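I opened this notebook page to record what I looked up, beginning with the cysteines and moving on to a helix, a loop and the charged pairs.

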Amino acid sequence: MGKLTLEEVKVGGVFETTFWKNPDDASSYPLRATHLDGRRAPKVVLSKDPRVVAGVPCRVRVAAITKPERSDHGIIEATYSGPAPFKLEGVYVDPIVARKLQVLLESGLNILLDGPQGCGKTTLTRSIAQTLGMEFVFFNCGAVVEATDFFATIQVRAGDSGQPVTSFVKTEVLEALERAGAEPEKRFLVFLDELNRCQESARNALMPALDSSRRVFHPIDNRFLAISDNVQFIAAVNRGAEFSGTFGIDAAQLDRFAPLQMGYLPADEEVKLLRGRHPELGQALVERIVAIADAVRNSAELEAGLSVRATEEVCVYLKHPLMLAEQQRMLPEVLKSSFCGRFGGRWDDATTDAGAVWALVQRELMDAQARPPT
Ligand SMILES: Nc1ncnc2c1ncn2[C@@H]1O[C@H](COP(=O)(O)OP(=O)(O)OP(=O)(O)O)[C@@H](O)[C@H]1O
Ligand SMILES: [Mg+2]
C-alpha cells in the first residue's frame with residue numbers, strides 16, 4: 001500500500017480523502033489534500049468545491065489532472081461527490097444504525113436516540129460531532145423544570161448593599177443558537193440528553209424549535225430567535241424499568257424526531273473495547289465479565305439495562321494491584337457491587353432486582369467453572 005500511481009488515479013475516479021486549508025494562500029484553490037483512499041497521491045490534490053468542509057472526511061471525484069507527464073508538477077483537481085462513510089474512532093455502532101444516522105444527519109432531520117442505560121448514546125453523538133467537524137453542545141434536560149430552563153438560568157447573587165440581584169444567564173443551548181446565526185460557516189450539533197426526564201410542559205416549549213417553525217423564544221431579549229440551518233438536534237432517551245413511567249414523550253413530540261433504536265454493543269465488540277482500555281486484563285477474564293453482563297441484560301426478569309460503565313468498572317477494580325493477585329476470588333465480590341448495586345434492593349434479598357442479578361451472577365460463575373477450559 002505505497003504511493004498511488006497516476007494510472008490508479010483517473011479522471012472520474014472517486015476516492016475518500018480529507019481536505020485541509022491550503023497553506024499556499026496565493027493559490028486559487030482554498031483546500032488541499034495529500035492522500036486518496038489513505039494512500040499518498042501522485043500529485044497534490046486541490047479543490048475549490050464549496051461543499052467540501054476542511055477536516056471532514058468526504059468522497060471526491062477527480063475532475064482534472066494537469067501535467068500528467070511531469071512527476072514534479074501539476075495537480076489533481078477534485079470535486080465533492082458525497083460524505084465518506086463514518087469511521088468513528090473507539091466507538092462501536094451497529095452498521096445499519098450508522099448508515100441510518102448518516103442519512104439523517106445529511107438531511108438535517110432531528111434524531112432521537114433510544115437505547116438502554118450506558119449503551120453509548122452520548123459517546124456516539126460526541127464522536128459524530130468530532131468526525132464531522134461540528135461544534136458539540138451538550139445539554140442535560142434532566143434538570144429542566146420550566147420552558148425557559150432550556151435557554152437561560154436565573155442566578156441570584158448579593159448586590160452592592162446586600163440586596164438580592166437576579167440575572168438571567170444563557171445556557172449552552174441558547175449560546176449555540178445565537179452563535180450559529182452569526183457563524184454560518186460552522187455547524188452545531190445540539191445534544192439534548194435525557195430528554196424524557198424533563199417536565200412535559202417544558203418539553204412542549206421546545207417543540208417549535210424542532211418543527212418547521214424552527215424558532216425559540218429568547219427569554220432574555222424577549223423576542224423570537226430563528227434557528228439557522230447549521231444547527232442539528234440529537235436527543236437521547238433512556239428506556240428501562242426505572243424510567244418506564246417517565247418515558248412519556250407524547251406522540252406529537254416524538255413525531256418531530258426520526259427515532260433510532262440503539263442496543264448494547266455485541267459481546268465480542270465489548271470485549272475488544274474493554275481489552276483496549278484495560279490491556280492489563282486477560283482475554284478470558286474480560287470475556288467472562290461481558291458474558292455475565294450479557295446474561296443480566298438478556299434476563300426477561302429485569303427490565304433495566306446494565307451499562308457498559310458497569311463492565312468497565314469491574315475492569316478498573318480487577319486490574320488494581322490490590323485485586324490483581326486474587327482476581328478469581330475478588331470477581332464475585334466486585335460483581336456484587338458493580339452489577340447488583342446498580343439495581344433496586346440488595347444482592348442478598350432474592351425478592352429484589354439486585355437479588356435476581358446476584359442469582360444470575362452466581363449461576364454464570366458456576367457454569368463457567370463447570371465448563372472445561374477451552
Ligand atoms: N457502543 C459503544 N462504543 C464505545 N463505547 C461505549 C459504547 N457503549 C458504551 N460505551 C462506553 O460506556 C460508557 C457509557 O457510555 P455513554 O455515556 O455514551 O452511554 P449512554 O447511552 O449515553 O448512557 P446513559 O443512558 O446513561 O446516558 C462510556 O465509557 C462509553 O465509552
Ligand atoms: Mg448519555
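I took a disulfide to be a pair of cysteine sulfur atoms within 2.5 Å. By that rule I counted zero disulfides in this model, which is a predicted one. For C198, which is in no disulfide, I found the nearest cysteine sulfur to be that of C141, 5.2 Å away. I noted that C198 is buried, with a relative accessible area of 5%. C340 is likewise in no disulfide, and I found its nearest cysteine sulfur, that of C315, 17 Å away. I also entered C340 as buried, at 2% relative accessibility.

Next I turned to helix α7, residues 267–277, where I listed E270, V271, L273 and L274 as buried. These four cover an arc of only 165° around the axis, so they lie on the same side of α7. For background, I wrote down that an α-helix has 3.6 residues a turn, so residues three or four places apart point the same way. On the other side of α7 I found D268, K272 and G276 exposed. I then asked myself which helices the buried residues of α7 pack against. My entry reads α8 (283–298) and α9 (308–318).

Between α8 and α9 there is a loop, and I located G305 in it. Leaving aside neighbours within four places in sequence, I found G305 in contact with Y264 and F343. I also looked up its separation from P68, 237 residues away along the chain, and the C-alpha atoms of the two are 59 Å apart.

On the surface I noted a nonpolar patch of about 370 Å², made by I154, V156, F168 and I220. I220 sits in the loop between β12 (215–218) and β13 (223–226), and I recorded it as partly exposed at 31% relative accessible area.

Last came the salt bridges, of which I counted 19. One of them joins D25 and K21, with 3.0 Å from N to O; D25 is exposed at 62% relative accessibility, and K21 is exposed at 59%. Another pairs D211 with R256, the closest N and O atoms being 3.1 Å apart. I noted that this pair links distant parts of the chain, 45 residues apart, with D211 in the loop between α4 (200–210) and β12 and R256 in the loop between α6 (251–254) and β15 (258–261). Both ends are partly exposed, D211 at 22% relative accessibility and R256 at 28%. I closed the page with E135, R179, E183 and K186, which are linked in a network of salt bridges.

Terms used: Residues are numbered from 1 along each chain as its sequence is written. Chains are lettered from A and ligands numbered from 1 in the order in which they are written. This is a predicted model: local features need pLDDT of at least 70, side-chain atom pairs count only at pLDDT 80 or more; totals for chains, interfaces and linings use all residues. Side-chain values use heavy atoms; hydrogens and water are left out. Buried means under 20% relative accessible area, exposed over 50%, partly exposed in between (1.4 Å probe, protein chains only). Patches are made of residues with over 30% relative accessible area and no salt bridge: like charges are joined within 9 Å, nonpolar side chains (Val, Leu, Ile, Met, Phe, Trp, Tyr) within 5 Å. Accessible areas come from the Shrake-Rupley method with a 1.4 Å probe; for residues, only the protein chains shown count as cover. A salt bridge is a side-chain nitrogen of Lys or Arg within 4 Å of a carboxyl oxygen of Asp or Glu. Helices (H or I, at least four residues) and strands (E, at least two) are DSSP runs, numbered from the N terminus. The arc is that of the directions from the helix axis to the C-beta atoms. Contact means heavy atoms within 4.5 Å.
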